[in-house]
Amino acid sequence: MLFRVDPTSTVPLGDQIAASVRRAVAEGAVAPGERLPAARVLAESLGVNVHTVLRGYQRLREEGLIELRRGRGAAITAGASPQRARLLERVREAVADARDLGMTEDELLALVRGELDA
Amino acid sequence: MTSKNLGRATLAALPFVLALLIDLTLYAAVEDRLPDRLAVHFDAGGTADGYTGSTAYLLYAVLALLALGALWAFIAVSGKLHGRAHRWFTGGGFGVAAFLGYLLVAVLFVNVDAPEGGPADGFPLRHIAVALGAAAVAGALGLLLTRLVPVPEDPRDGDSAVRERITLADGEVASWARGVGAWWAPIAVLVFLAAGVTVGREQSWFVGAPLLLLALVTATFCRPHVTVDRRGLTVSGLLPRPRVRVPLERMEGADSRPVNALAEFGGWGYRIRPERSGVITRSGEAIVISLRNGREFAVTVRDSATGAALLNTLLDRQRAGG
């Protein structure tokens with residue numbers, strides 16, 4: 001799995017790490033069950049703080065793309081399909097666009113609810 | 001079968017056929033002077049302690065040489081051996097055929113004119129030495145003969161101009177990591193562990209302890225992972241050490257190509273060969289790094305194309321003065 005971070009970017013490094021994994025899942029480069037490198041190893045490799053990597057991993061766990069198991073490290077979940085990763089990517093874009101437009105959280109949620117009820 | 005393959009198979013089987021013909025001729029020459037029961041097994045001192053009928057002996061000899069000849073011909077054609085490995089394999093066949101052919105005849109000749117109880121002077125052990133000498137001479141001859149048939153060449157593409165790259169922005173840091181699952185590694189650990197404990201308890205812990213150490217090292221490498229980053233390529237196990245690292249400074253370029261564990265590396269695990277070394281868990285796709293000293297380092301890993309492309313990108317960046 002290819003991880004890439006750009007320290008000059010305004011996007012937090014942890015989010016960039018999460019985006020790398022999301023992209024790999026979306027492109028089908030990794031399959032469910034695949035293990036991610038240990039946070040310590042990846043942090044050394046990229047030259048970032050280990051907590052930064054853990055923040056990225058935590059984010060992926062909340063999205064249901066990876067599971068973190070004590071002693072066994074991080075692994076891609078069984079439900080992490082390319083479609084799911086692409087959907088997450090689009091949700092992120094929608095949220096970013098809504099912020100750019102100056103929409104509030106409630107306004108965006110109302111839009112999504114309206115779409116769900118339609 | 002192509003004519004090239006036919007040539008290779010013929011050359012590989014040739015020594016066994018020759019040994020068979022020579023043995024049969026010599027058997028026919030001394031047949032009348034052989035006892036019904038041949039002494040065919042001898043103890044360390046050369047005294048006969050096993051016997052078999054002369055017809056059965058002939059049958060065994062013919063079958064053994066034919067089977068080995070067929071095996072050698074088969075591997076020469078379908079064993080995927082290239083270049084030097086193929087030459088040594090065929091040459092080795094000449095050595096094996098000479099060794100076996102000589103011993104089979106030597107056993108016949110010590111039985112000539114022997115009484116039923118076995119040859120009086122047993123089996124002089126110098127025959128073993130002579131057989132080894134014959135094997136060395138025949139092997140060398142076989143190596144020379146392999147120059148007559150075209151040897152399959154290594155299918156290697158080392159053209160750095162067409163090596164893949166990954167587009168990286170200035171200042172962007174990239175790292176590629178991938179697990180290398182080896183299904184047989186846990187089995188190997190158990191085997192080493194069992195062997196270490198058994199040998200240690202039954203024989204000596206001087207032999208058992210190194211086996212246990214081997215089990216421990218293999219255990220940490222049960223699920224190794226490969227990392228490609230600004231430092232180079234690293235293969236590491238569960239713990240930070242031991243690990244295998246090839247720094248970028250030692251690399252010329254990287255390719256993704258299929259490797260054959262047996263033909264190119266002579267087996268599985270951490271392999272060191274005259275021209276290449278590598279961490280080989282299976283045959284199949286691998287990152288193959290051309291080193292500056294002319295050697296190669298290979299790691300069998302899936303999605304090797306991405307890993308190799310990142311290495312080439314990082315090498316470009318380093319050459320550009322990064």
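**Entry 1: the cover over α2(B)**

I began with helix α2 of chain B and looked up what lies over its buried residues: the cover includes α1 (3-30), β1 (37-42), β2 (48-53) and α3 of chain B. I note here that I am working on a predicted model. The buried residues of α2(B) are B:Y57, B:A61, B:L65, B:G69, B:W72, B:A73, B:I75 and B:A76.

Next I checked the length of this helix. With 25 residues at 1.5 Å a residue, α2(B) should span 36 Å, and its end C-alpha atoms are indeed 36 Å apart, so the two values agree.

**Entry 2: α2(B) against α3(B)**

I stayed with one of the covering elements, α3(B). How do α2(B) and α3(B) pack, and how far apart are their axes? I find helix α2 (residues 54-78) and helix α3 (residues 83-111) of chain B at an angle of about 180°, with 11 Å between the axes. An angle over 145 degrees counts as roughly antiparallel, so that is what α2(B) is to α3(B).

I then listed who meets whom. From α2(B) come B:A61, B:A64, B:L65, B:L68, B:W72, B:I75 and B:A76, and from α3(B) come B:F89, B:T90, B:G93, B:V96, B:L100 and B:L104. Sorted by class, this contact has 11 nonpolar residues, 2 polar ones and no charged ones. I see B:A61, B:L65, B:W72, B:I75 and B:A76 in my list of buried residues too.

**Entry 3: the five-stranded sheet of chain B**

I moved on to an open sheet of 5 strands in chain B, with the order β7-β10-β11-β9-β8 and mixed pairing. Which strands sit at the edges? They are β7 (251-259) and β8 (269-272) of chain B, each of which pairs on one side only. I also looked up the turn between neighbouring strands of this sheet, which is 15° on average with direction ignored.

I went through two of the pairings:

- Strand β10 (residues 284-291) and strand β11 (residues 296-300) of chain B run antiparallel and are joined by 5 bridges. Here B:S290 stands opposite B:E296 of β11(B).
- β8(B) and strand β9 (residues 276-280) of chain B also run antiparallel, with 4 bridges between them. B:G269 has B:I280 in β9(B) as its bridge partner, and a hairpin of 3 residues connects β8(B) to β9(B).

A reminder to myself: strands of a sheet pair through backbone hydrogen bonds, either parallel or antiparallel.

**Entry 4: α8(B) and the loop before it**

What lies across β7 and β10 of chain B? I find α8(B) there, running at about 170° to β7(B).

The loop between β11 and α8 of chain B holds B:D303, and its backbone caught my eye. B:D303 has a positive phi of about 55°, although it is not a glycine. Is B:D303 buried or exposed? Neither label fits, because B:D303 has 17 C-beta neighbours inside 10 Å and so counts as partly exposed; a buried residue would need 20 or more, and an exposed one would have 12 or fewer.

**Entry 5: where chain B meets chain A**

I turned to the other chain. The contact involves 16 residues of chain B and 17 residues of chain A. On the chain B side, the elements that give two or more residues are β3 (173-179), β4 (225-229) and α8 (304-319). I meet α8(B) again here, the helix that lies across β7 and β10. The largest share comes from β3(B), with 7 residues. By class, I count 6 nonpolar, 6 polar and 4 charged residues on this side of chain B.

How does β3(B) pair with chain A? Strand β1 (residues 2-5) of chain A runs antiparallel to β3(B), over 4 bridges. Within that pairing I noted A:F3 opposite B:S175 of β3(B).

**Entry 6: the two chains side by side**

I closed with totals for each chain.

| | Chain A | Chain B |
|---|---|---|
| Secondary structure | 5 helices and 3 strands | 8 helices and 11 strands |
| Buried residues | 32% of 118 residues | 33% of 322 residues |
| Contacts joining residues 24 or more apart, among those 6 or more apart | 55% | 65% |

For chain A I also wrote down the order along the sequence, which is β-α-α-α-β-β-α-α. The opening β of that pattern is the strand I had already followed to β3(B).

Methods
Residues are numbered from 1 along each chain as its sequence is written. Chains are lettered from A and ligands numbered from 1 in the order in which they are written. This is a predicted model: local features need pLDDT of at least 70, side-chain atom pairs count only at pLDDT 80 or more; totals for chains, interfaces and linings use all residues. Two residues are in contact if their C-beta atoms, placed from the backbone, lie within 7 Å. Ala, Val, Leu, Ile, Met, Phe, Trp, Tyr, Cys and Pro count as nonpolar, Asp, Glu, Lys and Arg as charged, and the others, Gly among them, as polar. Two strands pair if DSSP finds at least two bridges between them. Axes are lines fitted to C-alpha atoms, for helices over the stretch in contact, and angles run from 0 to 180 degrees between N-to-C directions. Angles under 35 degrees count as roughly parallel, over 145 as roughly antiparallel, 65 to 115 as roughly perpendicular and the rest as oblique. The expected span of a helix is 1.5 Å times one less than its number of residues.
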